[in-house]
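Let's take a tour of a structure, one piece at a time. Have the 3D view open while you read, and rotate it as we go.

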Amino acid sequence: MVGEIVCRDVVKRFGARSALDRASFAVRAGEIVALLGPNGAGKSTALSILATLLAPTSGEVAVAGCALPREARRARRHLGLVPQQVAVYPALSARENLEYFAALQGLAGDGARSAVGRALALVELADRADEPVARFSGGMARRLNLACGIVHRPLVVLLDEPTVGVDPQARERIYELERALAAEGAAVLHSTHLMEEAERLADRVVLLDRGRVIADGTTRELVERARLRPRLVLRTARPLPGGWADGVPGVVADVEPAPAAEPGATSERSAVLTIDSTASVPAILERARAAGGEIDDVALHRPDLADVFFHLTGRALRDDDREPAP
Amino acid sequence: MIARALLASVRKDWRLLARDRIGLFFMAVAPIVVIAVAGLSLASLYGASPRGDTAYVLPVVDEDGGELGATLRRRLADEPAVELRFVDRQAALAAISRREAGAALVLPPGTSAALRHGEPARLLLLTDPVKYLEIANVRNLVQELRHAVGGEALDRARARLERARAHALRARQRMERLLARVRAELERAAAEGREGRRRLAAEIDAASARAADVERRLRDRMAAAASERSEAARERVAAELEPLAQFLRDVARYRSEFDAWLMAARAAAGSFADRLPAPPSPPAVPPAVAAFESGGAEKLADRLVGAPAALGGDAVDWLPPGELRGILSLPKVPPAVATAVPSAEKLASRLPAPPPAVRLPRLLEIDEQSVTGAPARLNTFDQNVPGFSVTFLLLGMLLGVSLGLIDERELGTLDRARATPSPVGALVVGKLLVRFAVGVVQMAVLLAVGHVAFGASLGPEPWALLLPTAGIVFAGTAFGVLVAGLARSREAVLPLGSIAIVTMAAVGGCWWPIDLEPRWMRQVALGFPTTWAMAAFNDLMIRRQGAAAALRPTLVLLAFGTTFLVLGVPLFVRRSRPDV
């Protein structure tokens with residue numbers, strides 16, 4: 001296991017509860033890795049350990065080649081933390097916030113000014129640099145939050161759910177920034193509980209549940225590894241008779257009623273079929289019409305990370321579990 | 001790295017503070033407003049403002065119309081504690097009923113006359129007992145007035161008696177001067193008598209001397225005459241006896257020559273000498289005759305006639321010494337008579353005694369002496385300016401330090417800073433340094449405004465105020481850290497901190513003099529930094545003491561601050577651990 005970020009068999013306990021249970025993963029330079037999991041999965045604990053804010057109970061952790069917590073001070077020079085909350089001073093301007101965090105990173109003089117200017121340009125806040133942050137929109141504040149974490153061009157960037165409460169446009173801008181950082185060679189670890197975000201942004205996904213890494217790989221790899229297949233959901237004007245899809249090529253699983261899509265709808269008017277490939281969809285639709293059901297709606301659902309998670313844990317990804325308190 | 005982080009933190013917190021208009025208002029304007037309101041409201045705690053802007057209204061009903069009313073008006077004209085209003089009794093009662101006044105003073109008819117004639121007199125004080133403090137102050141003023149009027153009456157009586165005594169003394173002095181002149185005349189007459197006696201005695205002595213001289217010359221002349229006569233007689237006797245004397249000398253020579261011849265004859269006879277018959281013996285010369293031979297004729301004459309002196313003396317023995325002066329009968333000077341003029345003291349002692357000094361009974365006075373250096377009349381702002389400045393300083397620290405630290409925690413900037421190579425302590429220290437500096441400036445500004453606007457004292461050494469200021473600012477800053485460590489959230493700071501600060505300020509003597517509190521509460525107050533700060537400010541500003549008086553309280557305040565930091569920093573660090 002190699003990379004700018006390395007966690008090996010990391011355990012973190014708060015009392016009797018384990019926030020991390022032998023968690024292992026790595027992030028290489030130039031790579032964006034999504035740390036995906038529901039609330040309480042241990043994402044923030046993992047980021048806190050990597051950010052040198054917490055010491056692991058056991059296991060090996062290294063950031064930018066520095067073993068933690070022994071070499072925490074040296075590791076911090078290469079570390080950029082973007083907290084979940086907007087950790088900037090609202091009364092200060094964007095420039096002043098950046099100057100302050102640049103100084104804490106050891107930058108001074110022209111180097112600091114240059115770094116601040118570059119960060120402002122990177123997050124497209126140069127024209128608003130001298131306004132108090134309190135006047136910024138949520139998206140601008142989030143971009144500044146990101147800029148404060150990367151003003152010193154760190155080798156490792158840790159982002160803890162950086163798009164929470166951000167509109168889609170601003171979210172896209174943040175994704176672009178992360179990609180730019182990775183393109184510059186930074187190892188980016190992006191913590192999120194949004195499956196879509198992980199799928200869209202990350203080169204690789206580490207699925208975390210109850211402190212354990214339950215899967216690690218690209219989305220495709222995870223889906224394939226879970227042997228998940230597409231599903232076809234049909235809604236018909238009249239209920240379909242039983243066994244209506246028997247013998248249709250490509251249908252893998254038995255027909256099952258779909259969950260009610262809207263109030264008042266009956267499950268008998270819907271059906272979900274697990275299929276081998278999308279090539280069998282026309283035949284299935286033809287069979288349904290032939291069975292007397294006038295098709296009102298058709299939806300094809302490809303397997304995603306939520307399916308993988310459900311497959312692995314038996315629970316939905318967005319269950320609102322709580323993490324144990326320290 | 002540490003210095004850079006510290007500087008960045010200081011700069012950041014300074015900017016945050018400068019943009020916090022509410023905070024600046026709270027630090028600067030709000031304390032001044034409260035100080036003004038509280039100072040004017042509590043002015044009567046020390047009697048009244050020296051500027052006279054908190055004077056009580058005192059209706060005065062002068063039914064007497066005498067000099068007492070004039071005295072009252074004159075004496076209280078410059079008294080800042082009261083504003084006199086001369087009204088009738090109905091108006092005075094109405095003023096009390098309307099609560100314009102807590103007391104009214106009535107001068108009943110005849111009061112001045114009674115005082116003038118030494119008769120009992122009483123004043124009447126109409127009061128609204130609810131206005132206890134006002135009544136106490138007015139009563140005190142009336143007592144002072146009553147005391148002054150009594151003192152003036154005694155002074156007048158004493159002056160009259162002193163004048164009478166001085167008159168008697170002057171009469172006695174005139175009598176003494178007259179006696180002195182009489183005595184001087186007598187002394188002069190006595191002196192003249194003594195001079196006459198002296199001159200008379202001298203004249204008698206001169207006459208006596210002259211008589212003695214006459215007697216001596218007479219005696220000398222008589223002695224000379226007698227001597228001449230006896231000398232002549234002696235010479236005649238001597239001349240007569242000279243042949244006899246010569247004969248006797250010849251006899252003596254013959255006998256001598258005969259003896260020599262006899263000796264020679266015997267020698268010639270040799271051995272037959274013894275056969276020579278003894279020569280016949282010459283007749284013996286009688287001794288009386290023999291004297292003629294040895295003494296000569298003059299001695300024989302002296303023996304027979306006597307020595308010439310003896311002859312002269314004997315010649316004047318008929319005149320006994322002093323006989324001639326007795327014959328002259330010189331008068332004797334009578335003995336001096338003792339002067340009968342009595343001494344001045346004796347004369348004065350016979351005069352009537354001077355009148356004794358009159359000692360009228362005096363009113364019992366109280367000499368009030370400030371042993372602490374505090375002036376007799378205090379400015380209530382000397383208490384209120386430092387008291388409310390300390391209160392608002394601590395509240396400012398609560399908002400600035402406690403909320404500032406919790407904001408850093410809740411904003412996530414603290415965690416972000418902890419993830420940097422800079423020590424997080426630099427962030428905290430930078431914040432505390434800024435707040436400390438701002439606190440010192442805040443206190444200095446408030447004390448300066450108090451001095452300029454309200455006349456609050458800065459003591460003999462204004463710079464010494466920096467000592468307790470630095471102490472309480474340090475303690476307040478550290479207290480802010482402690483509250484930040486104790487409070488779970490921003491919302492918990494105000495209930496927790498404000499209760500503690502209000503309690504410390506009230507019990508510690510920031511809002512009223514601590515001496516108003518019971519003893520046990522004053523003992524409890526020693527556990528609060530506000531108590532020590534106010535002790536130092538009171539010593540410097542009210543008791544006008546030097547910097548040395550503030551050293552111990554300042555050290556105690558520094559100890560408080562250190563204790564708060566020792567407790568607060570670990571608590572804050574513990575609370576600031578990531579909540580994951």
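## Two helices side by side in chain B

Start with helix α11 (residues 380–411) of chain B, which packs against α17(B) at an angle of about 150°, the two axes being 10 Å apart. An angle over 145° counts as roughly antiparallel, and so α11(B) is roughly antiparallel to α17(B). The crossing of α11(B) and α17(B) is right-handed. Keep in mind throughout that you're looking at a predicted model.

Which residues make this contact? From α11(B) come Asp382(B), Gln383(B), Pro386(B), Gly387(B) and Val390(B). On the α17(B) side you'll find Thr530(B), Ala533(B), Met534(B), Phe537(B), Met541(B) and Ile542(B). Sort the residues of the contact of α11(B) with α17(B) by class and you get 7 nonpolar, 3 polar and 1 charged.

## Another partner for α17

Now stay with helix α17 (residues 529–542) of chain B and look for helix α18 (residues 548–575) of chain B: these two pack at an angle of about 160°, with axes 9 Å apart. Again the angle is over 145°, so α17(B) and α18(B) are roughly antiparallel to each other. The crossing of α17(B) and α18(B) is left-handed, whereas that of α11(B) and α17(B) is right-handed.

In this contact, α17(B) brings Pro529(B), Trp532(B), Ala533(B), Ala535(B), Ala536(B), Asp539(B) and Leu540(B). Facing them, α18(B) offers Ala549(B), Ala550(B), Pro553(B), Thr554(B), Val556(B), Leu557(B) and Phe560(B). The residues of the contact of α17(B) with α18(B) come out as 12 nonpolar, 1 polar and 1 charged. Try clicking on Ala533(B): this residue is listed in the contact with α18(B) and also in the one with α11(B).

## A small sheet in chain A

Over in chain A, 3 strands make an open sheet with antiparallel pairing, in the order β12-β11-β13. The edge strands are β12 (270–274) and β13 (295–301) of chain A, each of which pairs on one side only. From one strand to the next, the twist averages 15°.

Strand β11 (residues 231–236) of chain A is joined to β12(A) by 5 bridges, and the two run antiparallel. If you want a spot to zoom in on, Leu234(A) stands opposite Ala271(A) in β12(A). Helix α9 (residues 281–290) of chain A packs on this sheet and touches β11, β12 and β13 of chain A, its direction making about 155° with that of β13(A).

## A hairpin and some backbone quirks

Chain A also has a hairpin worth a look. Strand β9 (residues 204–209) and strand β10 (residues 212–217) of chain A pair in the antiparallel sense over 5 bridges, and Leu208(A) has Val213(A) in β10(A) as its bridge partner. There are 2 residues between the strands of this hairpin, and Arg210(A) takes a positive phi near 50°.

Ala64(A), which isn't a glycine, has a positive phi too, near 55°. Look for Ala64(A) in the loop between β4 (58–63) and β5 of chain A. Then there's the peptide bond from Leu68(A) to Pro69(A), which is cis, with omega near 5°. Pro69(A) sits in the loop between β5 (66–68) and α2 (72–76) of chain A.

## Where the chains meet

How many residues does each chain put into the contact? Chain B supplies 24 residues and chain A supplies 32. On the chain B side, the elements giving two or more residues are α1 (2–18) and α12 (413–418) of chain B, and α1(B) gives the most, with 6 residues. By class, this side of chain B has 10 nonpolar, 4 polar and 10 charged residues.

## How confident is the predictor?

For the complex, the predictor gives an ipTM of 0.83 and a pTM of 0.66. Chain A has a mean pLDDT of 85, and 91% of its residues reach 70 or more. Chain B averages 83, with 88% of the residues scoring at least 70. Among the elements of chain B, helix α14 (residues 466–486) has the highest mean pLDDT, 94, and helix α8 (residues 308–316) the lowest, 52.

In chain A, pLDDT stays under 50 over residues 260–266, for which the model has 4 contacts beyond four places in sequence. It is also below 50 over residues 319–326 of chain A, a stretch with 23 contacts in the model beyond near neighbours in sequence. Where pLDDT is low, the predicted coordinates shouldn't be read in detail.

Conventions: Residues are numbered from 1 along each chain as its sequence is written. Chains are lettered from A and ligands numbered from 1 in the order in which they are written. This is a predicted model: local features need pLDDT of at least 70, side-chain atom pairs count only at pLDDT 80 or more; totals for chains, interfaces and linings use all residues. Axes are lines fitted to C-alpha atoms, for helices over the stretch in contact, and angles run from 0 to 180 degrees between N-to-C directions. Helices (H or I, at least four residues) and strands (E, at least two) are DSSP runs, numbered from the N terminus. Angles under 35 degrees count as roughly parallel, over 145 as roughly antiparallel, 65 to 115 as roughly perpendicular and the rest as oblique. A crossing is left-handed if the near helix is turned anticlockwise from the far one by less than a right angle, and right-handed if clockwise. Two residues are in contact if their C-beta atoms, placed from the backbone, lie within 7 Å. Ala, Val, Leu, Ile, Met, Phe, Trp, Tyr, Cys and Pro count as nonpolar, Asp, Glu, Lys and Arg as charged, and the others, Gly among them, as polar. Two strands pair if DSSP finds at least two bridges between them. pLDDT is the predictor's confidence in each residue, from 0 to 100.
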